[in-house]
Amino acid sequence: MQGFFIALVVIGAKKEEAALTIPLRGRDTRELFSNTAFSAGGRWLMIGVTNAAVLEDVKRLIHIRRNIKKKV
């Protein structure tokens, strides 16, 4: 698609609580997360990445999903 892409991030049951605690910058991302029902083992988020704030949200969700440890 011209000018944006769609990222699929699945937040499973084990990571859902952690995902609820992160601050999501994009209003659309917050609404999508809270309005997406838990099904088939997780929340399946199809996120339209249209700006830097949404991209940052996707990175944060992937960070939780991957359980990446930050280097100090």
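Helices and strands are DSSP runs numbered from the N terminus, a helix being a run of H or I with at least four residues and a strand a run of E with at least two. The legends below describe close-up views of a predicted model.

**Figure 1. A salt bridge within helix 3 joins arginine 60 and glutamate 56.** The two side chains meet at 3.8 Å, N to O. Because arginine 60 and glutamate 56 are four residues apart in helix 3 (residues 52-66), about one helical turn separates them. Arginine 60 counts as partly exposed, at 27% relative accessibility. Glutamate 56 is likewise partly exposed, with a relative accessible area of 28%.

**Figure 2. Arginine 27 and aspartate 28 form a salt bridge.** The closest N and O atoms of this pair are 3.8 Å apart. Arginine 27 counts as exposed because its relative accessibility, 54%, is over the 50% limit. Aspartate 28 also counts as exposed, at 53% relative accessibility.

**Figure 3. Glutamate 16 and arginine 43 form a salt bridge that links distant parts of the chain.** The closest N and O atoms of glutamate 16 and arginine 43 are 2.7 Å apart. Glutamate 16 belongs to helix 1 (residues 13-21) and arginine 43 to strand 2, with their positions 27 residues apart in the chain. Both partners are buried. For arginine 43, the relative accessible area is 13%, so this residue falls under the 20% limit for a buried residue. A search of the whole structure finds four salt bridges.

**Figure 4. Arginine 43 lies over the face of phenylalanine 33.** The distance from arginine 43 to the ring centre of phenylalanine 33 is 4.5 Å. A further approach involves the backbone of phenylalanine 33: its oxygen lies 2.6 Å from a polar atom of the arginine 43 side chain. Arginine 43 is found in strand 2. As for contacts between aromatic rings, the structure holds zero aromatic pairs.

**Figure 5. Glycine 42 in strand 2 is buried.** The relative accessible area of glycine 42 is 0%. Its C-alpha atom is separated by 5.3 Å from that of isoleucine 11, although the two residues are 31 residues apart along the chain.

**Figure 6. Alanine 40 has a positive phi value in the loop between helix 2 and strand 2.** Phi of alanine 40 is near 50°, and the residue is one other than glycine. The loop that holds alanine 40 runs between helix 2 (27-35) and strand 2 (42-49). With a relative accessible area of 72%, alanine 40 is exposed, because this value is over 50%.

**Figure 7. Five residues make a nonpolar surface patch: Phe4, Ile6, Leu8, Trp44 and Met46.** The area of the patch is about 480 Å². Strand 1 (5-12) and strand 2 are the elements that give two or more residues to the nonpolar patch. One of the patch residues, isoleucine 6, is found in strand 1. Isoleucine 6 is partly exposed, with a relative accessible area of 40%.

How values were computed: Residues numbered from 1 in each chain as written. Predicted model: local features only at pLDDT ≥ 70, side-chain atom pairs only at ≥ 80, totals over all residues. Heavy atoms only, no water. Phe/Tyr/Trp six-rings, centres within 6.5 Å; stacked < 30°, edge-to-face > 60°. Lys NZ or Arg CZ within 6 Å of the ring centre and 35° of its normal. Buried < 20%, exposed > 50% of the residue type's maximum accessible area, 1.4 Å probe, protein only. Patch = residues over 30% accessible without salt bridge, like charges linked within 9 Å, V, L, I, M, F, W, Y side chains within 5 Å. Areas by Shrake-Rupley, 256 points an atom, 1.4 Å probe, with all protein chains shown as cover. Polar contact = N/O pair within 3.5 Å; in protein donor to acceptor, adjacent residues only side chain to side chain.
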